[in-house]
Amino acid sequence: MANGMIVKCRSCRYEKSFHLGWGTLYPALSDVVGNLPLRKKNEVLDILNNRNGETRSYHYDLYICPRCSTFHRLLYVELGYDSGRVYKTVYECPECEYPFEPLALEDASVIDGFPCPRCKKRALRHHLIYWD
Ligand SMILES: [Zn+2]
Ligand SMILES: [Zn+2]
């Protein structure tokens with residue numbers, strides 16, 4: 001299963017790789033929680049420590065902003081707590097504050113239709129990668 005992606009532009013030299021999910025080194029949530037924005041980190045720790053939190057899922061996802069066409073790799077965390085409630089990290093674009101959703105790798109082909117973050121031409125190509 002692919003767990004990363006390289007995005008390249010055919011028009012300029014933009015190239016960026018995104019490692020998503022985990023390889024064989026699967027870290028504990030406590031090892032990566034510090035990579036969350038401070039407010040989200042505090043929310044997660046509060047739920048885990050004070051509200052019967054249990055970890056459901058955490059991984060890096062690729063987020064694409066449809067407004068400013070920038071790519072971001074962000075840590076997604078999902079917790080269950082208070083018998084039945086669910087916490088999920090919800091992000092806004094760090095550049096323009098547009099609320100955005102993680103992109104599933106199966107849907108990665110939409111990337112090829114986005115304007116390049118650097119030159120703004122629609123010349124992006126993506127390749128799935130495998131790493132561990
Ligand atoms: Zn470009
Ligand atoms: Zn944006």
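A nonpolar core is a set of buried Ala, Val, Leu, Ile, Met, Phe, Trp, Tyr and Cys residues joined through C-beta atoms within 7 Å. Keep that in mind as you work through this predicted model.

**Exercise 1. Find which residues make up the largest nonpolar core, and which elements give two or more residues to it.**

Step 1: Start with the members. The largest nonpolar core has 10 residues in all: M5, V7, C9, L20, L62, Y63, I64, C65, Y91 and L124.

Step 2: Now match them to elements. β1 (4-9) and β3 (54-64) are the elements that give two or more residues to this core.

Step 3: Look for another group. There's a second, separate core of seven residues, and L36, V44, V77 and Y87 are among them.

Step 4: Put it in context. In soluble globular proteins, nonpolar side chains tend to be buried together.

**Exercise 2. Work out the strand order of the three-stranded open sheet and say which strands stand at its edges.**

Step 1: Read across the sheet: the order is β2-β1-β9, and the pairing is antiparallel.

Step 2: Check the ends. β2 (15-19) and β9 (124-129) each have a single partner strand, so one side of each is left without a neighbour in the sheet.

Step 3: Follow the twist, which averages 15° from one strand to the next.

Step 4: Zoom in on one pair. β1 and β2 are joined by five bridges, and you'll find I6 opposite S17 in β2.

**Exercise 3. Do the same for the sheet of four strands, then find which helix packs on it.**

Step 1: This open sheet runs β5-β4-β3-β8, again with antiparallel pairing.

Step 2: At the edges are β5 (85-88) and β8 (102-103); each has a single partner strand, so one side of each lacks a neighbour in the sheet.

Step 3: Add the helix. α2 (residues 38-50) packs on the sheet by touching β4 and β5, and its direction makes about 20° with that of β4.

**Exercise 4. Trace β3 to β4 to β5 and find which turn residues have a positive phi.**

Step 1: Begin with β3 and β4, which pair over 10 bridges. One of the bridge partners to spot is F71 in β4, which goes with I64.

Step 2: Six residues lie between β3 and β4 in their hairpin, and S69 in the turn has a positive phi of about 55°.

Step 3: Move on to β4 (residues 71-81) and β5, joined by four bridges. Here G80 stands opposite V86, while E78 stands opposite K88.

Step 4: This hairpin has three residues between the strands, and D82 takes a positive phi near 45°. Your two answers are S69 and D82.

Conventions
Residues are numbered from 1 along each chain as its sequence is written. Chains are lettered from A and ligands numbered from 1 in the order in which they are written. This is a predicted model: local features need pLDDT of at least 70, side-chain atom pairs count only at pLDDT 80 or more; totals for chains, interfaces and linings use all residues. A residue is buried if 20 or more other C-beta atoms lie within 10 Å of its own, exposed if 12 or fewer, and partly exposed in between; C-beta atoms are placed from the backbone. Two strands pair if DSSP finds at least two bridges between them. Two residues are in contact if their C-beta atoms, placed from the backbone, lie within 7 Å. Axes are lines fitted to C-alpha atoms, for helices over the stretch in contact, and angles run from 0 to 180 degrees between N-to-C directions.
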